[in-house]
Amino acid sequence: MADTTFDLVILGSGSGGYAAALRASQLGMSVALIERDKLGGTCLHRGCIPTKALLHSAEVADTAKEAGNYGVQATFQGIDMTQVNKYRDSIVDKLYKGLTGLVSSKNITFVEGEGRMTGPKQVTVGTDVYEGKNLVLATGSISKTLGIEITGRVITSDQALQMDWVPKKVAILGGGVIGVEFASVWRSFGSEVVIIEGLDRLVPNEEPAISKALDRAYRKRGIESKLGNKFKAVTQTADEVTIELENGDKVTADILLVAVGRGPNATGFGYEEQGVHMERGWVLTNDRLETNLPGVYAVGDIVPGLQLAHRGFMHGIFVAEEIAGLGPMKVDEMGIPRVTYCEPEIASVGLTEDQAKEKFGAEGISTYEYNLAGNGKSNILGTAGVIKLIRQINGPVVGFHMIGSRAGEQIGEAQLIVNWEAYPEDVAPHIHAHPTMNEAIGEAHLALAGKPLHAHA
Ligand SMILES: Cc1cc2nc3c(=O)[nH]c(=O)nc-3n(C[C@H](O)[C@H](O)[C@H](O)COP(=O)(O)OP(=O)(O)OC[C@H]3O[C@@H](n4cnc5c(N)ncnc54)[C@H](O)[C@@H]3O)c2cc1C
């Protein structure tokens, strides 16, 4: 039985937890990092990395199918899921090995086992007690299921990532980020795909113009969307699964992916018993990520807001620096870049047009849409899409929204523009290399600054 005191005890070693551990150890703190599964959490093992590897296999499949259009003789013969999974696992394993090496090279005690909060700054694993001067709660999130039983042909992203076969027909409940990403993978792998979304558009958290463009692109790809349709019941046999919708429609498929969002994984670990303020399962914090208990912080997906790995990383860094007394800059939720890695990709940061109108008034903003049809590199790649910018009148760019192949790679500049509160007039004189997709950002800002080049004003 260990009874050990650390500067910082962290429960959960996903993006938020391990980032806090690494930064705290850089700052000279002793750290206990407690994990019941694998270092790296959802992002590395069941989220960002494995799904993006699948999406890359999907991109290669599309390239092979379309090779003839570019004068390259190639034939697409099918998907070898054993090799797809081998490739995906090799990426995860390599990153896992690297992260394990990084953590073990620091003053971080990695504790394997399920932890439970048993005191204001104390976690117990089995019979071992870990006492911290400070405690960080970082137990992440799990798939929501709307009460649908996850079994057999009804799966979440966790089981989807374990599949070693390509379904002929897939139904996806939920047109948010995870739903549209898996739709993209399976369509490229040759499946028939139907997305069922209760709201009236795909990716409902994005700017409506982006949802519209994705809808158009998905229709062109042969992905069917049933929008504004809520599910009523799900039944399955040994051979198929049937989803009945409230409007009476029925969809039958080999697999139903339930992708209706993720909820906090914060109950059953003693938080409430120790007096941590919680609401509908979420851990509540102030804007410095401290809970109502002094010295107890929460980071990542258990804190209400965007459930993204890079938000978790920044939460972790912030909390370590806060505890060290460095007074770090608050994590601004609106400044967090968002990328959806379907084909075509979506990249956005800042306010949507409606949010900007609410903040500055309808007369207080102006918008500009730059169509990628005017961008040389987009034509070369054969992608369609748009960049929509929102600016405050006589003020900075407050919203950036883009759709097109590889759009995610453009988010870096976009997030600097929005977060540094640049005016279009500040961006316009900076030269963007030709021919790149990045050039479209330059063109959109030139246009918004009143001097369009390859665009109609
Ligand atoms: C399919 C999918 C795709 C995604 N793609 C992206 C993407 O492309 N980009 C992006 O930014 N985000 C993506 N995400 C979201 C991203 O994975 C999460 O935002 C991120 O992992 C959150 O980090 P976290 O540290 O809060 O939690 P987690 O990564 O979930 O880590 C929590 C850890 O705590 C451990 N734990 C829980 N309870 C206990 C306990 N009692 N004792 C010990 N250990 C415990 C868990 O085992 C886990 O390892 C994706 C998620 C999914 C599911």
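H1 (15-26) and H8 (309-323) cross at roughly 35 degrees, and their axes come within 7 Å of each other. Axes here are lines fitted to C-alpha atoms, for helices over the stretch in contact, with angles running from 0 to 180 degrees between N-to-C directions. This is a predicted model, so to speak of local features takes pLDDT of at least 70, side-chain atom pairs count only at pLDDT 80 or more, and totals for chains, interfaces and linings use all residues. Residue numbers start from 1 along each chain as its sequence is written. Helices (H or I, at least four residues) and strands (E, at least two) are DSSP runs, numbered from the N terminus.

**Helix packing: H1 with H8**

- The crossing of H1 and H8 is right-handed (the near helix is turned clockwise from the far one by less than a right angle; anticlockwise would be left-handed).
- On the H1 side, the residues that meet H8 are Ser 15, Gly 16, Gly 17, Ala 19, Ala 20, Arg 23 and Ala 24; their counterparts in H8 include Ala 309, Gly 312, Phe 313 and Gly 316. Contact means C-beta atoms, placed from the backbone, within 7 Å.
- Sorted by class, this contact holds nine nonpolar, six polar and two charged residues (Ala, Val, Leu, Ile, Met, Phe, Trp, Tyr, Cys and Pro count as nonpolar, Asp, Glu, Lys and Arg as charged, and the others, Gly among them, as polar).

**Helix packing: H3 and its partners**

- H3 packs against H4 (residues 81-104) at an angle of about 140 degrees, with the axes 9 Å apart.
- That angle makes H3 oblique to H4 (under 35 degrees is roughly parallel, over 145 roughly antiparallel, 65 to 115 roughly perpendicular, and the rest oblique).
- Handedness is right-handed for H3 and H4, and the H3 residues in the contact are Ile 49, Pro 50, Ala 53, Leu 54 and Ser 57.
- From H4 come Val 84, Tyr 87, Arg 88, Ile 91, Val 92 and Leu 95, and the class split of the contact is nine nonpolar, one polar and one charged.
- H3 also meets H6 (residues 177-188), where the axes come within 8 Å and cross at roughly 35 degrees, this time in a left-handed crossing.
- Leu 54 turns up here too, among the H3 residues that meet Glu 181, Ser 184, Val 185 and Ser 188 of H6; the contact has five nonpolar, three polar and two charged residues.

**Around the ligand**

- The ligand is surrounded by 37 residues, with Gly 12, Gly 14, Gly 41, Gly 140 and Gly 300 the closest (near means a C-beta atom, placed from the backbone, within 6 Å).
- Elements that give two or more residues to this shell include H1, H3 and H8, while H2 gives the most, with four.
- The shell divides into 10 nonpolar, 20 polar and seven charged residues.

**Strands**

- S12, S13 and S14 make an open three-stranded sheet, in that order, with antiparallel pairing (strands pair if DSSP finds at least two bridges between them).
- S12 (231-236) and S14 (250-253) are the edge strands, each pairing on one side only, and the twist averages 15 degrees from one strand to the next.
- Four bridges join S13 (residues 241-245) to S14, with Thr 252 of S14 as the bridge partner of Thr 242.
- S5 and S6 form a hairpin with two residues between them, and Gly 126 in the turn has a positive phi of about 60 degrees.
- S6 also pairs with S19 (residues 296-298) in the parallel sense over three bridges, and Val 136 stands opposite Tyr 297 in S19.

Terms used:
Contact = placed C-beta atoms within 7 Å.
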